Amino acid sequence: MSMAIHTERLTKRYGGTEALRGLDLDVPRGSIYAFVGPNGAGKTTAIQTILNLRQPTTGRAEVMGADSRALTHENFQHIGYVSENQRLPEWMTVEEFFDYLRPLYKTWDADLHAELRRQFDLPPGRKVKQLSRGMKMKVALASALVFRPQLLILDEPFTGLDPLVREELIQGLLDRAEGMTIFVSSHDLAEIESFASHVGYLEQGRLRLSEEMAVLAERFREVQVVFEGE
Ligand code: ATP
């Protein structure tokens with residue numbers, strides 16, 4: 001099967017800290033992959049190493065079939081990334097920010113921009129610095145979606161958000177998930193299990209589990225039956 005993300009024994013050391021320990025990760029195209037693990041497990045390091053924003057200590061990664069060391073502005077167009085502490089230009093209004101983004105990539109979709117503005121109720125005239133945390137995340141997500149990425153990577157997008165805002169963001173994502181691969185990290189499986197097709201569990205830089213949600217749910221049912229039968 002062709003993978004949106006494929007890594008081979010990816011490791012990353014920061015001085016004495018081994019943040020990633022031989023990560024072999026396969027994210028099928030078209031999946032919604034929940035990348036779960038406690039704080040400090042190495043999720044951000046994994047994402048940034050996969051995107052070659054940090055150099056791996058050893059190992060390699062492929063993103064949408066290309067070696068991540070060869071990621072260029074051209075093939076980066078197909079990848080959306082919203083980082084954990086996404087920095088938006090605080091001094092701009094929401095509209096100015098989108099005006100700034102529009103010419104950056106060929107895949108800008110004006111109709112989708114209008115749709116996202118409506119759906120997320122984005123306030124065009126407000127300065128980014130005046131926005132709530134939830135609204136900033138909506139702006140960040142819209143700014144990634146509007147380029148119709150084939151792969152969208154979201155690093156802990158829901159941390160600290162009101163459940164209602166989280167639901168709105170999830171709906172916005174699901175409405176556009178068709179044909180897209182979504183890779184979303186979280187320290188809380190409950191935040192994302194309802195809509196993920198796959199789940200990976202990272203602990204101390206190691207992938208402890210990577211499975212389809214349906215298979216996991218089936219196994220869980222079997223275990224329950226065994227316990228109930230005892
Ligand atoms: P969180 O949800 O808290 O961001 P995470 O799962 O994303 O956690 P990372 O941020 O990747 O985990 O951190 C993994 C480990 O690497 C942690 O022990 C962290 O302290 C360490 N680490 C991360 N970045 C650096 C850095 N630039 N220099 C030194 N150590 C780092």
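## Exercises on a predicted model: loops, spaces and overall form

At 27% relative accessibility, Asn52 counts as partly exposed, since buried means under 20% relative accessible area, exposed over 50%, and partly exposed in between (1.4 Å probe, protein chains only). The model is predicted, so local features need pLDDT of at least 70 and side-chain atom pairs count only at pLDDT 80 or more, while totals for chains, interfaces and linings use all residues. Residues are numbered from 1 along each chain as its sequence is written, and side-chain values use heavy atoms, with hydrogens and water left out.

### Exercise 1: Two loop residues

Task: describe the backbone and the setting of Asn52 and Met64.

Solution.
- Step 1. Start with Asn52: its phi is positive, about 60°, although Asn52 is not a glycine. Asn52 is found in the loop between helix H1 (43-50) and strand E5 (58-63). Helices (H or I, at least four residues) and strands (E, at least two) are DSSP runs, numbered from the N terminus.
- Step 2. Turn to Met64, which is not a glycine and has a positive phi of about 50°. Met64 is found in the loop between E5 and strand E6 (66-67).
- Step 3. Is Met64 buried or exposed? With a relative accessible area of 17%, Met64 is buried.

### Exercise 2: The largest cavity

Task: find the largest cavity and say what lines it.

Solution.
- Step 1. Fix the terms. On a 1 Å grid over the protein atoms alone, a cavity is a set of points where a 1.4 Å probe fits but cannot get out; a pocket is an open set with protein on both sides within 12 Å along at least five of seven lines; lining residues have an atom within 4 Å of a point. Grid points are joined across faces, edges and corners, and a volume is the space filled by probe spheres set on the points.
- Step 2. By this rule there is 1 cavity of 30 Å³ or more, and the largest cavity holds about 40 Å³ of space.
- Step 3. Its lining consists of Val94, Glu95, Phe98, His113, Arg117, Leu122, Pro123 and Pro124. Helix H3 (94-101) and helix H4 (110-119) are the elements that give two or more residues to this lining, and H3 supplies the largest share, 3 residues.
- Step 4. Sort by class: 5 nonpolar, 1 polar and 2 charged residues. Here Ala, Val, Leu, Ile, Met, Phe, Trp, Tyr, Cys and Pro count as nonpolar, Asp, Glu, Lys and Arg as charged, and the others, Gly among them, as polar.

### Exercise 3: Two pockets

Task: characterise the largest pocket and the second largest pocket.

Solution.
- Step 1. The largest pocket has about 540 Å³ of space. Of its 22 lining residues, Tyr81, Gln86, Leu101, Tyr105 and Ser143 lie nearest its centre.
- Step 2. Strand E7 (79-82), H3 and helix H5 (133-145) each give two or more residues to that lining. Which element gives the most? E7 does, with 4 residues.
- Step 3. The largest pocket's lining has 15 nonpolar, 6 polar and 1 charged residues.
- Step 4. The second largest pocket has about 320 Å³ of space. Its lining has 16 residues, with Glu84, Asn85, Gln86, Arg133 and Met137 closest to its centre. By class, they divide into 5 nonpolar, 5 polar and 6 charged.

### Exercise 4: The whole chain

Task: summarise the protein chain's elements and burial.

Solution.
- Step 1. Count the elements: 8 helices and 11 strands.
- Step 2. Of the 230 residues, 47% count as buried.
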